Amino acid sequence: NSYFTLGASLNANNQKKDALLAFKKSFKLDKSNSSALLQIGNIYKDIKEFTKSIEIYRKHQKLFPNIVSGYWNESTIHLRNQRFKIGWDKYETGIKNDNRFLINGFHNEKKWVWDGNPFEGTLLIYGEQGLGDQIIFSTLLPDLLKVQSKIILKVNKKLVNFYSHNFKNIRVYSENDSIPGESYEKFIAIGSLCKFLRTKTSDFENSSFKNFDVPNQNLNLKRLFPNKKPIVGISWYTTSFQTGVNRSLLPEEISKVINKSKLNFINLQYGGVEDQIQQIQKLTSNTLVSFPEIDLTDDIVSLSNLILKCDLVLTIDNTTAHLSSSLGKETWILLPYSADFRWFENTTKSLWYKKATLFRQGSDNKWGNIIEKILLKLKSKEK
């Protein structure tokens, strides 16, 4: 247990090699410690030694067949490297121990899970995980509607109005709503649609999805910036417990971008970040404009309007990244070295979103080089 705790502490401080040794020692001393073995695989994944990572995950599957994390974690390696068929197949194991955090009602279903074949009745689709996941997987719905025309969507309450506007022929329910059993015949998790509709790279390239939109709220941001230079919306933080530290920028880091650029910046950061905003304002002579009258956390339609009035959105991997990209806005996304599988590997473009550009950390897990690249690219927009 001491070695395991040491490994967790070292890993949290990005001392990967020392953490790896500690987890290996922990597992050597206690062969029943499935979590230690899993963490060994996770560290190999994070340093991108994917072959070793898969070996460890498969060892985990053999030794602990009833713990599905070994299968789930392996799925993310395959998906990151665009091995879609095996990746989406193993991704399904995430349902069994709720790694995928399905919307209320999914695990109580008595009806048949949809097998991908069209049928005469109605299909109920359950959202899963966070807002970003529900947004990214909802880009499959235009393709799905060509196969299955009768659909009900059950999603996070923040997305109900957003989806009701974009999908006129789909009935949209909140996560807390009770849906009458007689109103549908089969069901599926929204991420599980990928195993039918995103099995090869060309499925992404030929997607029917273009972009979402929202009712126009007539926000006039240009009046706030008399210099008429482009407006950049920024988001730098996520509250994600497991990966938030590696994905987020510190106020000192994001303030460098604002301070060294002559462009106009507006705040798109949701959550309770007032202290961080104050800190950023103290660190820069340029201004970060905020809109306290807009609820950036819960009002997705108003946040979308703010995004659409920007010329560019600069964000980390969080809900803002998915929302801005899905709205068709030019979006620059800063990714940690070991990024989420949804952004794949070895590419600066997103397969999901046409207007997204990816800026990836180096193996040092630092943001400095990315910030310099972004500042260089922003200079071309200052003219």
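Trainee: So, on a 1 Å grid over the protein atoms alone, a cavity is a set of points where a 1.4 Å probe fits but cannot get out, and lining residues have an atom within 4 Å of a point. Which residues line the largest cavity?

Mentor: This is a predicted model, with local features needing pLDDT of at least 70 and side-chain atom pairs 80 or more, while totals for chains, interfaces and linings use all residues. Residues are numbered from 1 along each chain as its sequence is written, and side-chain values use heavy atoms, without hydrogens or water. T139, R198, F204, S207, F209, K210, L351, W352, Y353 and K354 line the largest cavity.

Trainee: How many cavities of 30 Å³ or more are there, and what is the volume of the largest?

Mentor: The count is one, and the largest has about 80 Å³ (the space filled by probe spheres set on the points, joined across faces, edges and corners).

Trainee: Changing topic: what lines the second largest pocket?

Mentor: A pocket is an open set with protein on both sides within 12 Å along at least five of seven lines. This one holds about 250 Å³. Its lining has 15 residues, with N267, E274, I277, P292 and L296 closest to the centre. Helix α14 (residues 274-283; a DSSP run of H or I, at least four residues, numbered from the N terminus) gives the most, three residues.

Trainee: And why is α15 largely enclosed?

Mentor: Because eight of the nine residues of α15 (300-308) are buried (under 20% relative accessible area, 1.4 Å probe, protein chains only). They are I300, V301, S302, L303, S304, N305, L306 and I307.

Trainee: What do they pack against?

Mentor: Helices α7 (131-138), α9 (160-166) and α16 (319-326), plus strands β7 (264-267) and β9 (312-316). Contact means heavy atoms within 4.5 Å, and strands are E runs of at least two.

How values were computed. Buried < 20%, exposed > 50% of the residue type's maximum accessible area, 1.4 Å probe, protein only.
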